[in-house]
Amino acid sequence: SRLSPASSGINAEYGGELNTLSKQIYSQRCSAHASAFLHSQEEAEELEDMKPAQKNRLLKDCLDEFRLFETADELPTIYTFPPDFQTIPCKPIFFDISLNHIGFPDLSNRVEKEGGALSGLSRWIWGR
């Protein structure tokens with residue numbers, strides 16, 4: 001045994017309980033290893049059973065699940081480009097109803113008379 005001769009009194013007293021405890025620890029450790037192996041195999045089977053459409057889902061649709069990717073082909077699609085077409089209304093939804101409530105300034109002093117347009121054009125052509 002691994003115990004020193006000085007502790008042989010303790011070994012004789014608790015030897016049976018220590019052996020039982022050691023066997024229980026070993027069996028629980030083996031059970032934990034088997035459970036972990038079984039769980040990893042179940043996950044691998046689930047990934048193999050996934051449809052191809054589920055493997056290439058958009059990243060925003062699968063944020064709540066953890067998956068390991070072995071190759072670049074298995075990586076999720078970040079965004080589809082070009083984006084899908086969306087219908088839009090043919091007329092604008094916004095109507096400017098404030099035009100009836102705006103008071104525009106009087107610009108009659110800046111407007112030329114009817115005969116002034118021809119004289120302005122002739123001044124521009126002949127440089128007067």
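What is the mean pLDDT of the chain, and how many of its residues, in percent, reach 70 or more? The model is a predicted one, and its mean pLDDT is 75, with 68% of the residues at 70 or more. Confidence varies along the chain: helix α1 has the highest mean, at 84, and helix α2, residues 52-55, has the lowest, at 56.

The fold can be described in few words. The chain holds 3 helices and 0 strands, and from the N terminus on the order of elements is α-α-α. Of the 128 residues in the chain, 6% are buried. The exposed area of the chain comes to about 12,900 Å², and 59% of that area is supplied by carbon and sulfur atoms.

Helix α1 covers residues 8-49, and two surface patches can be followed from residues in this helix. One patch is nonpolar: Tyr14, Leu18, Leu21 and Ile25 make it, and its area is about 380 Å². Leu21, one of these residues, lies in helix α1. Its relative accessible area is 44%, so Leu21 counts as partly exposed, a class that lies between the limits of 20% and 50%.

The other patch carries negative charge. On the surface, Glu42, Glu43, Glu45, Glu46 and Glu48 gather to form it. Glu46 also has its place in helix α1. Is Glu46 buried or exposed? Glu46 counts as exposed because its relative accessibility is 55%, and exposed means over 50%.

Technical notes: Residues are numbered from 1 along each chain as its sequence is written. This is a predicted model: local features need pLDDT of at least 70, side-chain atom pairs count only at pLDDT 80 or more; totals for chains, interfaces and linings use all residues. Side-chain values use heavy atoms; hydrogens and water are left out. Patches are made of residues with over 30% relative accessible area and no salt bridge: like charges are joined within 9 Å, nonpolar side chains (Val, Leu, Ile, Met, Phe, Trp, Tyr) within 5 Å. Accessible areas come from the Shrake-Rupley method with a 1.4 Å probe; for residues, only the protein chains shown count as cover. A salt bridge is a side-chain nitrogen of Lys or Arg within 4 Å of a carboxyl oxygen of Asp or Glu. Lys and Arg count as positive and Asp and Glu as negative; His and the chain ends are not counted. The place of a charge is taken as NZ of Lys, CZ of Arg, CG of Asp or CD of Glu. Helices (H or I, at least four residues) and strands (E, at least two) are DSSP runs, numbered from the N terminus. Buried means under 20% relative accessible area, exposed over 50%, partly exposed in between (1.4 Å probe, protein chains only). pLDDT is the predictor's confidence in each residue, from 0 to 100.
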